[in-house]
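Visitor: Could you walk me through this one? I'd like to start with a strand pairing and then wander a bit.

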Amino acid sequence: MGSRNRGDVNYRNPCLTMHQPWASLLVYGIKRIEGRSWPSPIRGLKLPGRGFARPSGSELVTQDLTSVVQAADVQEGISTYPFPTCRLWIHAASKIPEPETIKAMEDFYREIYAVNGITDLKFPEHYPTSRLLGCVEVVGCVTCDELVNWDQIPEGVRLEGQTKFCWLCEQPQKLIIPFEMRGFQGVYNLERKIYEAAIRGISPVVPPLPVKFPLPNPRDPFSLRPGSLASSPSSSSTSEVNQSENLVAAIAGARAAATQFSKNGSSQSSTVEVGDEHISSRSTNNSRRLQ
């Protein structure tokens, strides 16, 4: 089923296996930030009929991406501006979520949406496992410090910044009928037959609070990368001093829910890794998750 190595540059139909309830929350557009201890390997531009162009390290594969896209548009008679971004398929792991875990994560999102005045969240009725659920567009990846100080996005989105690297997700789509498949560690390619079936069965989702992450350089679709934003504290950054008791409790509950997926369960581990997300403490850990 293609490569499971996150360093692979040949992603055709990339997929990520995540634990529930995080997987469904992402596909339903409630979760906007996918947190990892490693930067997104699939941030890129889909050229029409040519697969994904992607950056290599901090450099672009193409020397003049804009001219490449415009040339492709002329040749194929279509428009791709503004640039489309990289689609990431989302698969739910086999572990059935505990009711307490679901409640903790729903409480977390209920509280952070309330910060932006959204109080009528509709959560998934079910959290299926071992199923391909849908997809999102990964428009970029920034560090936690950059996200929490980003004035141009809603405060509730900044509160999702609990991880070393934050993958920025837009345009969720869900499968009308999720179907069973096996997942793998890291980012991997969907089998072609699964992809062809999935692409015919996805339906756009209207998120509770649609977010468009602004590009630092509008002409460079790869410009949302770690280090691209100023991370100095801003006047509107969310601090614990300004958080309500309910919000503080919800954040603590979300962190506690994530600890069940720690490799060693030790509170001394500086980063708790889970199948879809890790909650960071003060120091750094380069351990790799098992999905």
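**Strands, cysteines and a helix**

Guide: Let us begin in strand β11, where isoleucine 202 is the bridge partner of leucine 175. This is a predicted model, in which local features need pLDDT of at least 70 and side-chain atom pairs count only at pLDDT 80 or more, while totals for chains, interfaces and linings use all residues. Residues are numbered from 1 along each chain as its sequence is written, and side-chain values use heavy atoms, with hydrogens and water left out.

Visitor: How many bridges do β9 and β11 pair over?

Guide: Three, in the antiparallel sense, with β11 covering residues 202-204; two strands count as paired if DSSP finds at least two bridges between them, and strands (E, at least two residues) and helices (H or I, at least four) are DSSP runs numbered from the N terminus.

Visitor: What about β8 and β9?

Guide: Strand β8 (residues 131-143) pairs with β9 in the antiparallel sense over ten bridges, and cysteine 135 stands opposite glutamine 173 in β9. Strand β2 (residues 33-36) also runs antiparallel to β9 (residues 165-180), joined to it by four bridges, and there glycine 35 has cysteine 166 as its bridge partner.

Visitor: Cysteines, then. How many disulfides are there?

Guide: The count comes to zero, taking a disulfide as a pair of cysteine sulfur atoms within 2.5 Å.

Visitor: Why is cysteine 166 not bonded to cysteine 144?

Guide: Because the sulfur of cysteine 144, although the closest cysteine sulfur to that of cysteine 166, is 5.0 Å from it, which is too far for a bond. Cysteine 166 is buried, with a relative accessible area of 0%, where buried means under 20% relative accessible area, exposed over 50% and partly exposed in between, using a 1.4 Å probe and protein chains only.

Visitor: And cysteine 169, buried or exposed?

Guide: Cysteine 169 is buried at 6% relative accessibility, and the closest cysteine sulfur to its own, in cysteine 141, is 9.7 Å away, too far for a bond.

Visitor: Changing topic, where does valine 211 lie?

Guide: Valine 211 lies in the loop between β11 and α7 (245-258), and it is buried with a relative accessible area of 12%. Leaving aside neighbours within four places in sequence, valine 211 is in contact (heavy atoms within 4.5 Å) with Arg32, Pro154, Val157 and Glu170.

Visitor: Last one: which residues of helix α6 are buried?

Guide: In α6 (residues 192-199) they are Ile194, Tyr195 and Ala198. These residues lie on the same side of α6, because they cover an arc of only 100° around the axis, the arc being that of the directions from the helix axis to the C-beta atoms. Arg192 and Lys193 are exposed on the other side of α6.
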